[in-house]
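The following paragraphs offer a guided reading of one protein structure, intended for a reader who meets it here for the initial time. Please keep the sequence and the model in view while reading.

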Amino acid sequence: MSSTSILVTGGAGYIGSHVTRQLIEAGENVVVLDNLSTGFKSAVLGAELIVGDTGDHDLVTKVLADYNVDTIMHFAAHIIVPESVEDPLKYYGNNTCSSHNLLSCAVHAKVKHLIFSSTAAVYGIPETGHASEESPNQPINPYGSSKLMTEWMLRDTSRATELKHVALRYFNVAGSDPGGRIGLSTSKSTLLVKVACEAAVGKRDKLYIFGTDYPTPDGTGLRDYIHVEDLASAHLNALTYLRKGGESATLNCGYGHGYSVREVLAAVEKAHGSSLAIEEGPRRAGDPPMLIAVADRIQEMLGWKPKYDDLDIIVQSQLDWEKHLLKYPAE
Ligand code: UD1
């Protein structure tokens, strides 16, 4: 095979499947590697799926060679924060050790570019509630630490080899494919927008607001919610940037402004046209009052232009996907 390919690890998962779809639409050759532990076969639209693990040295080596991979987009990871606290080695194993394996195979195969799915969880609880790329890295859970360790491996490997990378630190990703084909399908999600939309369509009896006594305007937590379609497009911008010879970079991926829990719930009620059964509960351990991106750098460096910076659009697309799942459960 003479033409090159992009390997997407975790391409059957929520964010990876949206990026895969956009890459295929852009005419790229894409191969997905996913162990289907949380992803869904049906989410891989238009790309070949290889079922397997990022930690499998022989398999990754073979895929890189067989598909002439010159770029990797690495999404495969465990992402549930409370679970990472209970079972840290599961997180260091999959998120850190498997990333080490992927990186060592990539260097050996002379892969040129790697785009990494990192997280705002590397900032922990930033003092002002706003996190820039220069804010201290102080993760407060093993999930954040496991991702930060991979950032460090990437940083040092890019210095020592020809590999160039972009690490994108995601803020609160929500919403689904505007075409209604894919979305966040796992039934185990704890994310606010997903949980609220599940309650709206009757999959949950009620939902809780975790804390109403935060030092925020309405007492509930503030987050920077970013549409998954915009997040996905940032990866294509990062690809173009690296192909043009851009230097390795670590960039926040958020809109730079946020909404409270109450504002999100009001948007879901508006979109669904009925009120939700909401209970006010205590704070959830480890939740910062406010986590908003300082997000100028990604626009300047990558030329990224978000198209869906609107809470109502984000919520509507999530709600549409929940309705879709009622009729067609993910498989
Ligand atoms: C999420 C991700 C984290 C990621 C971070 C980036 C998880 C569990 N967390 O964190 O990996 O690094 O975004 O910013 O995947 N809330 C409620 N009721 C609910 C659920 C949430 O009140 O039922 C509140 C939370 O207290 C918080 C806000 O809603 O204030 C958002 O919470 P959530 O959607 O779980 O995301 P984060 O915890 O911010």
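In this predicted model, a suitable starting point is Thr 20, whose side chain reaches the backbone oxygen of Gly 16 at 2.8 Å. Thr 20 belongs to helix H1, which covers residues 14-25. Is Thr 20 buried or exposed? Its relative accessibility is 0%, and because buried means under 20% relative accessible area, Thr 20 counts as buried.

The surroundings of Thr 20 may be described through its contacts. When neighbours within four places in sequence are left aside, Thr 20 is in contact with Val 8, Gly 11, Val 30, Val 32, Leu 45 and Ala 47. Gly 10 lies 10 residues away from Thr 20 along the chain, and the C-alpha atoms of these two residues are separated by 9.8 Å.

One of these contacts, Val 8, leads to the strands. Val 8 stands opposite Met 73 in strand S4. Strand S1 (residues 5-9) and S4 pair in the parallel sense, over five bridges. S4 itself comprises residues 69-74 and is mostly covered, with six of its six residues buried. S4 is also joined to strand S5 (residues 113-119) by four bridges, and these two strands run parallel. Within this pairing, Ile 72 stands opposite Leu 114 in S5. In general terms, strands of a sheet pair through backbone hydrogen bonds, in either a parallel or an antiparallel manner.

Another part of the model contains an open sheet of four strands, in the order S6-S15-S10-S13 and with mixed pairing. Strands S6 (130-131) and S13 (259-260) stand at the edges of this sheet; each has a single partner strand, so one side of each is left without a neighbour in the sheet. Strand S10 (residues 222-223) pairs with strand S15 (residues 290-293) in the parallel sense over two bridges. Here the bridge partner of Arg 223 is Leu 291 in S15.

Attention may now turn to the pockets. The second largest pocket has a volume of about 180 Å³. Which residues line the second largest pocket? The lining consists of Ala 106, Val 107, Lys 110, Val 111, Lys 112, His 113, Thr 161, Glu 162, Leu 163 and Lys 164. By character, the lining residues of this pocket divide into four nonpolar, two polar and four charged. His 113, one of the lining residues, also falls within the range of strand S5, residues 113-119.

Methods:
Residues are numbered from 1 along each chain as its sequence is written. This is a predicted model: local features need pLDDT of at least 70, side-chain atom pairs count only at pLDDT 80 or more; totals for chains, interfaces and linings use all residues. Side-chain values use heavy atoms; hydrogens and water are left out. On a 1 Å grid over the protein atoms alone, a cavity is a set of points where a 1.4 Å probe fits but cannot get out, and a pocket is an open set with protein on both sides within 12 Å along at least five of seven lines; lining residues have an atom within 4 Å of a point. Grid points are joined across faces, edges and corners, and a volume is the space filled by probe spheres set on the points. Ala, Val, Leu, Ile, Met, Phe, Trp, Tyr, Cys and Pro count as nonpolar, Asp, Glu, Lys and Arg as charged, and the others, Gly among them, as polar. Buried means under 20% relative accessible area, exposed over 50%, partly exposed in between (1.4 Å probe, protein chains only). Two strands pair if DSSP finds at least two bridges between them. Contact means heavy atoms within 4.5 Å. A polar contact is a pair of N or O atoms within 3.5 Å; within protein, one must be able to donate a hydrogen and the other to accept it, and residues adjacent in sequence count only if both atoms are side-chain atoms.
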